[in-house]
Amino acid sequence: MADQDLGGISPLQQMVASGAGAVVTSLFMTPLDVVKVRLQSQRPSMASGKCLLYCNGVLEPLYLCPNGARCATWFQDPTRFTGTMDAFVKIVRHEGTRTLWSGLPATLVMTVPATAIYFTAYDQLKAFLCGRALTSDLYAPMVAGALARLGTVTVISPLELMRTKLQARHVSYRELGACVRAAVAQGGWRSLWLGWGPTALRDVPFSALYWFNYELVKSWLNGLRPKDQTSVGMSFVAGGISGTVAAVLTLPFDVVKTQRQVALGAMEAVRVNPLHVSSTWLLLRRIRAESGTKGLFAGFLPRIIKAAPSCAIMISTYEFGKSFFQRLNQDRLLGS
């Protein structure tokens, strides 16, 4: 039943098509992701006269700086970014162009299998829900998208954490490995899933909104076209619109996820008892208190600039791959 609904394409062929889309999307979109993470992970400048906590790198030692001029002898304020273009210019100027693709190997290791699992699970779940009449055709994409993303987030969360850290501060893979081992020794293996909550709160609603809107927009754009003749161009437009809407509505959770992951291991460097990890809702309120409502939407422009083309490229490449395998399978049947 699933193969029939999916145009006679096997799950393996779906995984190949989605994996190829993930590679293409990652190569184009990683610089925007690096800028987004940098903008979200920087904290407001501290006012003078206050105790300063500053982590000088990903999982690097955290310095406790008391009041006084002594701070100036060792502390240099990290490069501050005032906006998206400012971040691009300063990163290239101070760290080199290659930094814009920092974390790309980890991104590919994480994204290719995650995307293959996610897209295949979505199509199979949607076909199952519609075939068993467990939900209406209207809401099947929303339910299937949410369930597929929830499973994928759980499996990929540790790699997402490492990728975020590589992008937030430019460190070597050896340094990252040492820092992650230190964090696991201090907080256990559960520390690798730090940020799972806000990541799920960001990605599961994003997925539900994305697939619901994608199927609606695609149907509207198709008009009189049969369902199995969706053009790549229509998929590109529908994917871009749906990705933009979903990205805007879930951005505050993306900010929380980034800040929580970048802070991993920071307090352990100070000889104090580990602090209780605040809930997502408390972190949302803290960010709003420190930076205002705009702090909840830090990295808005790079996230939107990234979301629209990345979703468009990914879904159109996936649809093209499915069409390719569908034609290939049909030619095999006719030739046999």
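Which residues of helix 10 are buried? The tour returns to that after a look at the whole chain.

**The whole protein**

Start with everything displayed. This is a predicted model. The protein contains 11 helices and two strands. Read from the N terminus, the order of elements is α-α-β-β-α-α-α-α-α-α-α-α-α. Of the 336 residues in the protein, 48% are buried. Take the contacts between residues at least 6 apart in sequence: 80% of them join residues at least 24 apart.

**Helix 10**

Select residues 280-291, which form helix 10. The buried residues here are Thr280, Leu283, Leu284 and Ile287. They cover an arc of only 105° around the axis, so they sit on the same side of helix 10. Now turn the view to the other side of helix 10, where Trp281, Arg285 and Ala289 are exposed.

For the length of helix 10, pick its end C-alpha atoms, which are 16 Å apart. This agrees with the expected span, because 12 residues at 1.5 Å a residue should give 16 Å. Step just past helix 10 to Gly292, which has a positive phi of about 80°.

**Helix 2 and Ser26**

Next, select residues 11-41, helix 2, and find Ser26 in it. Is Ser26 buried or exposed? Ser26 has 6% relative accessibility and therefore counts as buried. Show what surrounds Ser26: apart from neighbours within four places in sequence, Ser26 is in contact with Leu104, Thr107, Leu108 and Thr111.

**Helix 2 against helix 4**

Keep helix 2 and add helix 4, residues 84-95. The axes of helix 2 and helix 4 come within 10 Å and cross at roughly 100°. The two helices are therefore roughly perpendicular. To see the contact, display Pro31, Leu32, Val34, Val35, Arg38 and Leu39 on helix 2. Their counterparts on helix 4 are Thr84, Ala87, Phe88, Ile91 and Glu95.

**The loop before helix 8**

Move to the loop between helix 7 (173-187) and helix 8, and select Ser191. Ser191 has a relative accessible area of 10%, so it is buried. Add Val180, which is 11 residues from Ser191 along the chain. The C-alpha atoms of Ser191 and Val180 are separated by 9.1 Å.

**Helix 8**

Select residues 196-222 for helix 8. How far apart are the end C-alpha atoms of helix 8? They are 37 Å apart. At 1.5 Å a residue, the 27 residues of helix 8 should span 39 Å, which agrees. Gly223 follows helix 8, and its phi is positive, near 65°.

**Helix 8 against helix 11**

Leave helix 8 on screen and add helix 11, residues 300-335. The axes of these two helices come within 13 Å and cross at roughly 60°. That crossing angle is why helix 8 counts as oblique to helix 11. The crossing is right-handed.

Finish with the side chains at this crossing. On helix 8, display Arg202, Phe206, Tyr210, Trp211, Tyr214 and Lys218. On helix 11, display Arg303, Cys311, Ile315 and Glu319. These residues make the contact between helix 8 and helix 11.

Definitions and conventions: Residues are numbered from 1 along each chain as its sequence is written. This is a predicted model: local features need pLDDT of at least 70, side-chain atom pairs count only at pLDDT 80 or more; totals for chains, interfaces and linings use all residues. Side-chain values use heavy atoms; hydrogens and water are left out. Helices (H or I, at least four residues) and strands (E, at least two) are DSSP runs, numbered from the N terminus. The expected span of a helix is 1.5 Å times one less than its number of residues. Buried means under 20% relative accessible area, exposed over 50%, partly exposed in between (1.4 Å probe, protein chains only). The arc is that of the directions from the helix axis to the C-beta atoms. Axes are lines fitted to C-alpha atoms, for helices over the stretch in contact, and angles run from 0 to 180 degrees between N-to-C directions. Angles under 35 degrees count as roughly parallel, over 145 as roughly antiparallel, 65 to 115 as roughly perpendicular and the rest as oblique. A crossing is left-handed if the near helix is turned anticlockwise from the far one by less than a right angle, and right-handed if clockwise. Contact means heavy atoms within 4.5 Å.
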